[in-house]
Amino acid sequence: MNLEDMKISNMFDLSKTIAAPLFEGKTYPWEVLPEIKDFIIKLGKTLPSDEYLQLEENVWVHKTAKIMYKTAYLGGPLIVMENAEIRQCAFIRGSAIVGRGAVVGNSTELKNVILFDNVQVPHYNYVGDSILGYKSHMGAGSITSNVKSDKKPVVIHTGNKETDIETGFKKMGAILGDNVEVGCGSVLNPGTVIGQCTNIYPLSSVRGFVPAHCIYKMRSEVAEKIEQ
């Protein structure tokens, strides 16, 4: 693989997130993970009060966003943008940006994440220490695993030990490029990076880098999509 494929410019359309300034000066998307909390607090204080409600300290929700049920928990720092939906029993632990038109659904938990615009995590998802690109979607029960079982720092596996990337992070979930589809019941292991427009089969266990425009069935079976 080419490390260029994992660069921010090849993973995301930054016009599809309010967090675009956070990525400036960075090469790879996971570099922003330690800065999400402070970025939200700083940005939130600049949001127009005629468009956003400040529900409590460091929690800003756009007036067009739909908080569907009182059972949803909104922990700060948090920004929920235009026309987003927060559904019943959603648990947002904090340090989260929920993009325009995004859906955070039933019993979904978020922590230290950026959801680009129109992302859907609608059913029983855990998304922690992760970035989900524009229109990416996680099927029911699919999760990001953000801590290795041996508790050692996360390594991004590239298929070649010489180019594996030591992140230095104890916690890192997954980076999903724009328009990624993750099938139901899949586990994205720590340090998973998935290129744009790739589909992950249901019940997959994914680790390392998966190229853009592919179909992932298992680690030994990744097929390039055929344009129709």
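Are F12 and F116 buried or exposed? That was my opening query on this predicted model, and both F12 and F116 came out buried.

**Entry 1: aromatic rings**

I went through the ring pairs next and counted five aromatic pairs. I started with F12 and F116, which form a stacked pair with 4.8 Å between centres and 25 degrees between the planes. I then checked where the two partners sit. F12 is in the loop between α1 (8-11) and α2 (20-23), while F116 is in the loop between β10 (109-115) and β11 (120-123). That puts them 104 residues apart, and the pair links distant parts of the chain.

I followed F116 to another partner, F23. F23 and F116 make an edge-to-face pair, 6.1 Å centre to centre, with 65 degrees between the planes. F23 lies in helix α2 and F116 in the loop between β10 and β11, so this pair ties together parts that are 93 residues apart in sequence. I looked up the accessibilities too: F23 is buried because its relative accessible area is 3%, under the 20% cut-off. F116 is at 0%, so F116 is buried as well. Taken as a group, F12, F23 and F116 are linked into a cluster by ring pairs.

I also noted a charge over a ring. The charged end of K16 sits over the ring of Y134, at 4.9 Å from the ring centre.

**Entry 2: the largest pocket**

How much space lies in the largest pocket? I get about 160 Å³. I wrote down its lining in full: H157, T158, G159, R207, G208, F209, V210, P211, Y216, R219 and V222. Sorted by character, the lining residues are five nonpolar, four polar and two charged.

One lining residue, V222, turned up again when I took a distance across the model. F91 and V222 are 131 residues apart in sequence, and their C-alpha atoms are 33 Å apart in space. F91 itself is in strand β7 (residues 91-92). With a relative accessible area of 35%, F91 falls between the 20% and 50% cut-offs, so I have F91 down as partly exposed.

**Entry 3: cysteines**

How many disulfides does the structure hold? I found zero. I checked C89 first: C89 is in no disulfide, and the nearest cysteine sulfur, that of C184, is 19 Å away. A disulfide needs the sulfurs within 2.5 Å, so C89 and C184 do not qualify. From the C184 side I get a matching entry: C184 is in no disulfide, and the nearest cysteine sulfur is that of C89, 19 Å away. I looked up exposure for both. C89 has a relative accessible area of 40% and is partly exposed. C184, at 41% relative accessibility, also counts as partly exposed.

**Entry 4: backbone oddities**

I keep the general rule in mind here: most residues other than glycine have a negative phi, and most peptide bonds are trans.

Which peptide bond is cis? I noted the one from G76 to P77, with omega near 0 degrees. P77 is placed in the loop between β4 (73-74) and β5 (78-80).

For phi, I flagged N58, which is not a glycine but has a positive phi of about 65 degrees. N58 is in the loop between β1 (52-56) and β2 (59-62). I have N58 as buried, with a relative accessible area of 15%.

I flagged C197 as well, with a positive phi of about 60 degrees although it is not a glycine. C197 belongs to the loop between β20 (192-194) and β21 (199-200).

**Entry 5: distances along the chain and in space**

I picked L55 and D164 for a C-alpha distance. They are 109 residues apart along the chain, and their C-alpha atoms are separated by 43 Å. L55 is in strand β1. At a relative accessible area of 47%, L55 is partly exposed.

Then I took N125 and G141. They are 16 residues apart along the chain, with 5.3 Å between their C-alpha atoms. N125 is in the loop between β11 and β12 (126-132). I looked up how accessible N125 is and got a relative accessible area of 2%, so N125 goes down as buried.

Key
Residues are numbered from 1 along each chain as its sequence is written. This is a predicted model: local features need pLDDT of at least 70, side-chain atom pairs count only at pLDDT 80 or more; totals for chains, interfaces and linings use all residues. Side-chain values use heavy atoms; hydrogens and water are left out. Rings of Phe, Tyr and Trp (its six-membered ring) pair if their centres lie within 6.5 Å; planes under 30 degrees apart count as stacked, over 60 as edge-to-face and the rest as tilted. Helices (H or I, at least four residues) and strands (E, at least two) are DSSP runs, numbered from the N terminus. Buried means under 20% relative accessible area, exposed over 50%, partly exposed in between (1.4 Å probe, protein chains only). A charge sits over a ring if NZ of Lys or CZ of Arg is within 6 Å of the ring centre and within 35 degrees of the ring normal. On a 1 Å grid over the protein atoms alone, a cavity is a set of points where a 1.4 Å probe fits but cannot get out, and a pocket is an open set with protein on both sides within 12 Å along at least five of seven lines; lining residues have an atom within 4 Å of a point. Grid points are joined across faces, edges and corners, and a volume is the space filled by probe spheres set on the points. Ala, Val, Leu, Ile, Met, Phe, Trp, Tyr, Cys and Pro count as nonpolar, Asp, Glu, Lys and Arg as charged, and the others, Gly among them, as polar.
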